[in-house]
Every structure is written in structure tokens, then in C-alpha cells.
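Visitor: Please take me closely through one part of this model, beginning with the salt bridges and going on to the pockets and whatever surrounds them. I would like the definitions stated as they come up.

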Amino acid sequence: MRILVLGVGKTGKLVAEAATERGHSVHVLDATENKDAAALTAPFVAGFDVVIDFTTPEAVVQNMRACLATGARMVVGTTGWYDKLPDMKALAERRSASLLYATNFSIGVQLLFELAGTMAVKLKDAGYQFSIAETHHTSKLDAPSGTALTLRDCVVAAIGVEHPTAKDIPIEAHRTGEVAGIHSLIATGQSDSLTLTHESTSRRPFAEGAVRAAEWLSTRNGVYDFRDVVASL
């Protein structure tokens, strides 16, 4: 499979490595080579089976517009752009393109989302209050992280938007050192607390998950998120 990787940050480099290790042909574009998505012309994009984006919130929307307009298949691991998600979905549908996005491509984090929903259902009427804490490296641009926001969405979906505890689930975001990612859901009761935590010691799971997503998307059309991939594993 021919994969175009947009972004040569720490995760983007790992995506390229993981894709090569899995036998794919990989081409990488950095920000200087793709300023304002100028490199993503229709003939150029047509030379690849899937595009994987790990750039920045500022660059990713331009990249999606350029790629999806050509009918390309695109996996997006960049976060911080979800206010434009309805527009990107509509563009993908109009152009018969494929879009697969996620706030986190770690299979372990996907399990955290499932467990968070179960915990929320079990504790929602037992007097517990929910909160979320997340820690990332200092170069991460968005805060709170997309994963933390998804974790909160999982709790709200599980307990219902009308439930009193759904109205105020705080997220505490920390940026320090080279932390790959730590996410915790805390349920605090009157006399005890329960914490679910996922800690990444490397960005490698994100990269491998993105490549798996690209392989999965290569034979499909439509708009998906990573949970669709995990469900088929």
C-alpha cells in the first residue's frame, strides 16, 4: 500500500516507521514542503492509497479540504479541529472520499472509553461526582486533549445529558516534560473514590493504531472513527 504521511513531528515519524515495518511504501511531507496544503494537488494525492495526517490544528483543516476534495482516503490523528468536523464529513460525502478520525489511536485508550462508560452507569445514582485529569508533553498544542474530551463525552453518553452529574465534569490539563499521555477518570464519593487510568509510555501505540486504521480504510468509503476499526479486530 502507498501511504502519504503529513507531518514529521514525533508521532508522524513513528507513523512512517510503523508503516514501513508493516511493508508499506511511505512518503512523508513536512510543513515546509506543504505550506497551506499547496503540495496536495489532485495528481499528487492520486499517487497514494491513504493519507495519514499528524500535523497541527491549524494545518489539518487545509490538508483535509485539499485531500478530501480529490476523493482521497484520509486518516486524521491531529486533534483540535473538531469544530470543523461537520464540514469535513459533508465534504467527504460530496466527493465520495473516505475519512477516519480519532482523538486517540491506542487500542488501550479505546478500552478506557468503554470502561469509563461502564463505571459511569454503575455509579451515576450512587452519589459520585466525575472528573478527568490528563497530562501530556509540553509541545502538545491543544488543552484539554482530544482524548480527555472524548472521555468526558463517553461519561455523558453513559449517564445521559440530563443527569445532574453530567452538567459539570471538570477536566484538569497538565503539560510537562516528554509525557506521551496520561488520562484518568475519577469518581469521587462521600467516603471513597475510584480511578480509571491509562498511561502511555510511548507514542508508538498511536502510530501503530493509525497505520492499522489506514489499512482498514483502504478498502472502504465513508466516514468512520477508530472505534469502527477496533470493533473489527
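**From a salt bridge to the pockets**

Guide: A search of the whole structure finds ten salt bridges, the term standing for a side-chain nitrogen of Lys or Arg within 4 Å of a carboxyl oxygen of Asp or Glu. The model is predicted, so local features need pLDDT of at least 70 and side-chain atom pairs count only at pLDDT 80 or more, whereas totals for chains, interfaces and linings use all residues. Residues are numbered from 1 along each chain as its sequence is written, and side-chain values use heavy atoms, with hydrogens and water left out.

One of these salt bridges joins Lys10 to Glu178, and the closest N and O atoms of the pair are 2.4 Å apart. This pair links distant parts of the chain, since Lys10 belongs to helix α1 and Glu178 to the loop between β7 and β8, 168 residues away; helices (H or I, at least four residues) and strands (E, at least two) are DSSP runs numbered from the N terminus.

Helix α1 leads on to the pockets. The largest pocket has a volume of about 880 Å³. A pocket here is an open set of points on a 1 Å grid over the protein atoms alone, where a 1.4 Å probe fits and protein lies on both sides within 12 Å along at least five of seven lines, and its lining residues have an atom within 4 Å of a point. Grid points are joined across faces, edges and corners, and the volume is the space filled by probe spheres set on them. Forty residues line the largest pocket, and those closest to its centre are Thr11, Phe54, Thr55, Thr56 and Thr78. Two or more lining residues come from each of the elements α1 (10-21), α3 and α6 (146-159), and α3 gives the most, with four residues.

The second largest pocket holds about 290 Å³ of space. It is lined by 16 residues, of which Tyr101, Thr103, Thr150, Asp153 and Arg227 are the closest to its centre. Here the elements that give two or more residues are α5 (107-123), α6 and α8 (226-232), and α6 gives the most, with five residues. Helix α6 thus appears in the lining of the largest pocket and in that of the second largest pocket.

Now to the strands around these helices. Six of them form an open sheet in the order β2-β1-β3-β4-β5-β10, with parallel pairing, two strands being paired if DSSP finds at least two bridges between them. The edges of this sheet are β2 (25-29) and β10 (222-225), each of which pairs on one side only. Within the sheet, strand β4 (residues 73-76) runs parallel to strand β5 (residues 98-101) over four bridges, and Arg73 stands opposite Ser98 in β5. Helix α3 (residues 57-68), which gives the most to the lining of the largest pocket, packs on the sheet and touches β1 (2-6), β3 (50-53), β4 and β5, contact meaning heavy atoms within 4.5 Å. Helix α4 (residues 85-94) packs on the sheet as well, touching β5 and β10.

A further open sheet has four strands in the order β7-β6-β8-β9, and its pairing is mixed. Its edge strands are β7 (171-175) and β9 (193-200), each paired on one side only. Strand β6 (residues 129-136) pairs with strand β8 (residues 181-188) in the antiparallel sense over seven bridges, and the bridge partner of Ile132 in β8 is Leu185. The loop between β7 and β8 is the one that carries Glu178, the partner of Lys10.

Two backbone details complete the view. Most residues other than glycine have a negative phi, and most peptide bonds are trans. The peptide bond from Ala143 to Pro144, however, is cis, with omega near 0 degrees, and Pro144 is found in the loop between β6 and α6. Asp36, in the loop between β2 and α2 (42-45), has a positive phi, near 55 degrees, in a residue other than glycine.

Notes:
Axes fitted to C-alpha atoms, helices over the stretch in contact; angles between N-to-C directions.
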